[in-house]
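Please read the following account alongside the sequence and the coordinates, moving from the strands to the recorded binding site and then to the nonpolar interior.

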Amino acid sequence: MILSKILAGLEYELIQGDLNTEIQSINYDSRGNLKDGLFIAIIGFRTDGHSFILNALANGAKAVIIEQDIPALPTGLTIVKLKSSRKALSLIAANFYENPTKKVKLIAITGTNGKTSVSYIISSLLQSLGYKIGVIGTNGIRINDHLLEDVNKTTPTTPESLDIQHIINKMSLENVEIVIMEASSMALKLGRLDNCEISTGVFTNLSHEHLDDHGTFEDYKNSKKILFDLTSYGIINADDPYFEDFNRQSAKIISFGLDTKADLNGNNVKLLADSTELKISYIDQVIQCSIPLPGRFNIYNTLAAIGACLSIGIDFGDIINKIKFIKPIDGRTENIKNDRNLKIIIDYAHTPNALKNVMETLKAITIGRLITVFGCGGNRDKEKRPKMGNIATQIADYVILTNDNPRYEDPKIIVNEIINGITTENYKIILDRKEAINTALEMAQEDDIILIAGKGSEEYQTVQGVNIPFSDKQTVLDYLK
Ligand SMILES: CC(=O)N[C@H]1[C@@H](OP(=O)(O)OP(=O)(O)OC[C@H]2O[C@@H](n3ccc(=O)[nH]c3=O)[C@H](O)[C@@H]2O)O[C@H](CO)[C@@H](O)[C@@H]1O[C@H](C)C(=O)N[C@@H](C)C(=O)N[C@H](CCC(=O)O)C(=O)O
Ligand SMILES: Nc1ncnc2c1ncn2[C@@H]1O[C@H](COP(=O)(O)OP(=O)(O)OP(=O)(O)O)[C@@H](O)[C@H]1O
Ligand SMILES: N[C@H](CCC[C@H](N)C(=O)O)C(=O)O
Ligand SMILES: [Mg+2]
């Protein structure tokens with residue numbers, strides 16, 4: 001595609017070169033093969049893309065987008081200057097891939113907890129109804145259940161705008177009809193979803209998380225709200241304290257809840273060990289059903305998923321018929337079967353609210369003791385550490401504090417910050433996560449529940465910038481062998 005077409009809709013200034021240059025690829029990273037490509041220099045949080053322009057040129061770039069003047073203008077390179085490279089990236093990508101989000105129905109999910117869970121519930125329901133589905137989020141990029149690119153190790157929950165357009169283009173070329181995407185607050189704030197045509201936005205809930213990135217809770221909340229400026233339908237949790245903030249008049253709304261009268265309601269709830277029985281009502285229809293996932297929070301996730309399916313025109317009765325086919329979700333209250341009569345649960349709770357929810361769910365069905373293994377991530381929100389320490393030791397019978405991606409921080413300091421919130425003595429520290437899990441399994445007796453929280457299906461432990469292969473599930477399976 002020629003450069004001028006790629007830049008359509010943007011305000012820019014041609015510094016040197018030719019707008020008719022034929023461009024083969026778009027890149028925000030100078031590393032790799034950029035042959036005949038366009039390099040977009042972004043000022044990042046760690047470094048400045050403008051300092052890699054010569055590398056991009058050496059790797060084959062033909063043109064570059066800048067937002068700041070550069071000291072010397074390299075010859076043989078077309079240079080275009082505009083106001084914000086990061087902002088421009090989403091429109092450039094949408095132009096280059098010819099607006100793939102217009103060729104699919106796109107559902108985006110935001111909220112502190114439950115984004116991945118809701119994605120996979122929607123995916124289960126829609127696949128059972130015969131649709132071809134794309135999923136983009138924490139557990140990877142998939143078409144139906146097939147992993148397209150294993151992004152767990154490198155890409156964030158919500159990829160960069162360029163990558164979103166590229167992935168959805170690929171999905172559309174494979175005849176995917178509906179794409180379900182997690183929309184993290186950082187992604188919304190940084191405009192990664194700009195220039196996407198989104199049919200439906202889902203709001204799960206809002207609680208403490210990512211205050212390191214956002215500075216204030218208000219900024220975190222406002223970032224999540226951006227999604228509902230971009231969508232025509234909003235599926236909103238009516239029981240959440242921030243419901244009114246998200247209940248925007250601009251979008252068509254389907255509200256859901258258990259406590260508040262909403263468009264979609266769950267009633268007569270019976271929580272069982274691995275499932276939930278309830279009546280679900282929508283307008284004047286009421287249908288009894290059984291959700292094959294445990295916990296009150298999964299009722300919310302299922303109601304949110306039903307709302308999303310309704311918003312794209314699927315019949316309520318048809319959706320409810322497929323609830324029984326909802327599949328278990330990797331690393332989300334995942335039950336590891338064993339012959340020791342133990343309930344071993346791997347879960348991704350890594351926020352205070354998630355930990356509280358999953359622990360209360362498990363505590364309610366514990367006959368013996370609830371033993372919890374968890375830690376807090378390094379270079380992430382520090383305020384959540386003491387809160388999680390307090391919640392865990394208040395609800396569990398015994399807690400083992402351990403490492404969870406210490407990144408560039410000292411694991412001992414992280415654990416001490418968790419301990420700052422603890423007022424009891426029912427815990428110990430075993431920093432090595434494998435040893436911590438093995439110790440929990442060792443001390444467990446029949447009828448105990450062991451909850452291993454925080455990493456879900458992550459396949460690594462990140463230490464000093466290095467991803468060391470590690471899996472909670474594999475550690476348990478190895479122990480059981
Ligand atoms: C804060 C943030 O969002 N950072 C993202 C951002 O990095 P950055 O802008 O800081 O990039 P940088 O490292 O300073 O580099 C600046 C530019 O120079 C380029 N560069 C750099 C080096 C080089 O040799 N050549 C080169 O061209 C880089 O590609 C980049 O374009 O752009 C990068 C490329 O897309 C992302 O990988 C990176 O995500 C990092 C890994 C990250 O940790 N992001 C977190 C905060 C995040 O997005 N989290 C959310 C929330 C998760 C949830 O709870 O749900 C998520 O969606 O995952
Ligand atoms: N609706 C919910 N409310 C509260 N907690 C939940 C809810 N759904 C899931 N959880 C808890 O949060 C954990 C993470 O769930 P999930 O992965 O679906 O969230 P997420 O929003 O995608 O997280 P991330 O921000 O890391 O992408 C689960 O393992 C569970 O413990
Ligand atoms: N999307 C979240 C995941 C956190 C998972 C937990 N294992 C950790 O490393 O803190 C984040 O990147 O903040
Ligand atoms: Mg997720």
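In what order do the five strands of the open sheet follow one another? In this predicted model, the order is β1-β5-β4-β3-β2, and the pairing within the sheet is mixed. The edges are formed by β1, spanning 13-16, and β2, spanning 25-27, each of which pairs on one side only. On average, and with direction ignored, neighbouring strands of this sheet are turned by 25° against each other. Within the sheet, β4 (residues 63-66) and β5 (residues 78-81) run in the parallel sense and are joined over four bridges, and in this part of the sheet Ile66 stands opposite Lys81 of β5.

The next region to consider is one that a record annotates. An unreviewed UniProt entry places the feature "binding site" at Gly111, Thr112, Asn113, Gly114, Lys115, Thr116 and Ser117. Two of these positions can be followed further, beginning with Asn113, which is found in the loop between β6 (105-110) and α4 (115-128). Is Asn113 buried or exposed? Asn113 counts as buried because it has 25 C-beta neighbours inside 10 Å, where 20 or more are required. Leaving aside neighbours within four places in sequence, Asn113 is in contact with Thr204, Asn205, Thr351, Asn353 and Ala354.

Ser117, by contrast with the loop position of Asn113, lies in helix α4. Ser117 has 25 other C-beta atoms within 10 Å and is therefore buried. When residues up to four places away in sequence are not counted, Ser117 touches Asn298, Asn301, Ile329 and Arg332.

The nonpolar interior completes the picture. In soluble globular proteins, nonpolar side chains tend to be buried together. Here the largest nonpolar core has 64 residues, and those with the most contacts inside it are Ile107, Ala108, Ile122, Val179, Ala304, Ala305 and Cys309. Helix α11, which covers residues 296-311, supplies the largest share of this core, namely ten residues. A second core, separate from this one, has 37 residues and includes Leu355, Val358, Leu370 and Ile437.

Ala108 offers a closer view of the surroundings of one residue with the most contacts inside the largest core. Beyond the residues up to four places away in sequence, Ala108 touches Met181, Ala183, Leu193, Ile198, Gly201, Leu227 and Thr231.

Technical notes:
Residues numbered from 1 in each chain as written. Chains lettered and ligands numbered in written order. Predicted model: local features only at pLDDT ≥ 70, side-chain atom pairs only at ≥ 80, totals over all residues. Core = buried A, V, L, I, M, F, W, Y, C linked by C-beta atoms within 7 Å. Buried ≥ 20, exposed ≤ 12 C-beta atoms within 10 Å, placed from the backbone. Helix = DSSP H or I, 4+ residues; strand = E, 2+ residues; numbered from the N terminus. Contact = placed C-beta atoms within 7 Å. Pairing = 2+ DSSP bridges. Axes fitted to C-alpha atoms, helices over the stretch in contact; angles between N-to-C directions. UniProt positions renumbered as here; feature names shortened; annotations may be inferred.
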